[in-house]
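Thank you all for making time this morning. I would like to walk you through a structure that is new to most of us, going slowly and one region after another.

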Amino acid sequence: MRNRIYADNAATTALDVDAFEAMKPYLLDEYGNASQPYFFSRKPKRALKEARATIASCLGAQPEEIFFTSGGTESDNWAIKCFGAPSDVRTIFTSQIEHRAVLNACDHQFKHSKCTVIKLPVDSEGIVSPSVLHDAMIEEVSNRDVISCETKLVSIMLANNEIGTIEPIKELAEIAHKHRAIFHTDAVQAVGHIPIDVQALGVDLLSASAHKFNGPKGIGFLYVRKGTLLFPYLNGGAQEREMRAGTENVASIVGMAVALKNNCDAIEQNRERIQKLENLLISLLDESGIQYSRNGGHNKLPGLLSLSFPGKDAEALLHRMDLMGICISTGAACNSVHTEVSHVLKAIKLEDNLAKGTIRISLGKNNSTDDVYSILLALKKILSSE
Ligand code: PLP
């Protein structure tokens, strides 16, 4: 393969080599169905148990609170579509900058199950203010008759995938609980990158996806606090204590646990290293004289840079970087086929002139200072030739 620089770690990450090695036996030799009672299933069964315990310990959770899913999209859909009891009347409070996995699941609920959906605005840094949530919850109560079997969910992401802003989850969860709502957070971008303790955050449901923290693709989990009312999303076999049917993907679950443990064990070193790379890129950009502005909050994911170049075309920039062997993004990966301004940039009210010239560079633990110099050189070359 030709030389390339991968700077789109918010879209996906390289598989951890230890995770790959740990997966191999469960793909080649120990392929028994973990739910069968015979000797050949003993090892896969034990591997599932150990993986569940490892993942739980990385988040301050109990093993029984971890439910394996196919990834972030499924975990989000499960939380949004299945909170409460099936017969409940539902209300969801979410934000305008959630990932499509949350927003589209909410829209589906609105269309097909008469669920009320309230999408909260954010400030210019992409922060959901706790007082905005509080006011919205008060207003919602005063607008309707009291319904005995009503269940409310607040779903606010832990960190945004386009601009990196970290939300005040603890405060938001406290407000949700005061109003007797369940609190869900989409932590897909944050797990394995910043320290997370579900007890300290006070969340009831938390979504994660392995491929964002150097695990394999197509596997993730939903943390469900003990006692949280949630019904199954996938019906079928009795796997996952009858909460999520389907033969367990043992190899991927094992890989996910190893990747998460490795990332969590080195979380501060990685964070420091990635932050240094980010600082270097910013100082090089400042010295270069290139006109740009940054989006997102002061408290944000390390290495995730949303940069706007006034009057430039982000799509063209992405393609020219691609031709130079550098992978970046114009926003959310799943949005990259669309040319319109992303819903996140709209929500932070970024001027059109800047929004159309916005790229996302997301540096990860495998990036080097050489990568940063090459990115800067490429940006300089492209932007000065336009
Ligand atoms: N939520 C967020 C914040 C994401 O960034 C993504 C992926 O980009 C998802 C959910 C979906 O995760 P998955 O790719 O595992 O379905």
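Let me begin at the start of a helix, where Asp16 caps the N-terminal end of H1, with a side-chain oxygen lying 2.8 Å from the backbone nitrogen of Asp18. Before I go further, please keep in mind that this is a predicted model, and that what I say should be heard in that light. Helix H1 itself covers residues 17-28, which makes 12 residues, and from its first C-alpha to its last it reaches 17 Å, close to the 16 Å expected at 1.5 Å a residue.

Which residues of H1 are buried? They are Ala19, Met23 and Tyr26, and because they cover an arc of only 50° around the axis, they sit on the same side of H1. On the face turned away from that buried side we find the exposed residues Val17 and Leu28. As for what covers the buried residues of H1, the cover includes helix H2, residues 42-59, and helix H9, residues 250-265.

Helix H2 brings us to a sheet. Here 7 strands form an open sheet in the order S2-S8-S7-S6-S5-S3-S4, and the pairing is mixed. Strand S2 (66-69) and strand S4 (116-120) stand at the edges, and since each has a single partner strand, one side of each is left without a neighbour in the sheet. From one strand to the next, the twist averages 20°. H2 packs on this sheet, where it touches S2 and S8, and the direction of H2 makes about 115° with that of S2. Another helix to look for is H5, residues 130-143, which lies across strand S3 (89-95), S4 and strand S5 (150-155), and runs at about 160° to S5.

Within the same sheet, I would like you to look at strand S7, residues 205-209, and strand S8, residues 220-224, which pair in the antiparallel sense over 5 bridges. In that pairing Leu205 stands opposite Val224 in S8. Strand S7 also holds Ser209, and is Ser209 buried or exposed? Its relative accessible area is 4%, and because anything under 20% counts as buried, Ser209 is buried. If we set aside residues up to four places away in sequence, Ser209 touches Gly71, Gly72, Val188, Ile219 and Gly220.

A further buried residue is Ile169, which has a relative accessible area of 2% and is found in helix H6, residues 169-178. Leaving aside neighbours within four places in sequence, Ile169 is in contact with Ile156, Met157, Leu158, Phe183, Thr185, Leu201 and Val203. Ile169 and Gly246, on the other hand, are 77 residues apart in sequence and 32 Å apart in space, C-alpha to C-alpha.

Let me pause on two backbone details. Arg180, in the loop between H6 and strand S6 (182-186), has a phi near 55°, a positive value in a residue other than glycine, and Arg180 is exposed, with a relative accessible area of 76%. Glu242, found in helix H8, residues 239-242, likewise has a positive phi, near 65°, and Glu242 is exposed, with a relative accessible area of 59%.

Finally, there is an open sheet of 3 strands in the order S9-S10-S12, with antiparallel pairing. Strand S9 (293-295) and S12 stand at the edges, each with a single partner strand, so one side of each is left without a neighbour in the sheet. The twist in this sheet averages 35° from one strand to the next. Helix H10, residues 267-288, packs on the sheet and touches S9, S10 and S12, its direction making about 20° with that of S10.

Strand S10, residues 304-308, is joined to S12 by 5 bridges, and the two run antiparallel. Leu304 stands opposite Ser362 in S12, while the bridge partner of Leu307 in S12 is Ile359.

Why do we describe S12 as largely enclosed by the rest of the structure? We do so because 5 of the 5 residues of this strand, residues 358-362, are buried. In a regular strand the side chains alternate between the two faces of the sheet. In S12, Thr358, Arg360 and Ser362 point one way and Ile359 and Ile361 the other way, and all are buried.

Conventions
Residues numbered from 1 in each chain as written. Predicted model: local features only at pLDDT ≥ 70, side-chain atom pairs only at ≥ 80, totals over all residues. Heavy atoms only, no water. Helix = DSSP H or I, 4+ residues; strand = E, 2+ residues; numbered from the N terminus. Expected span 1.5 Å × (residues − 1). Buried < 20%, exposed > 50% of the residue type's maximum accessible area, 1.4 Å probe, protein only. Arc of directions from axis to C-beta. Contact = heavy atoms within 4.5 Å. Polar contact = N/O pair within 3.5 Å; in protein donor to acceptor, adjacent residues only side chain to side chain. Pairing = 2+ DSSP bridges. Axes fitted to C-alpha atoms, helices over the stretch in contact; angles between N-to-C directions.
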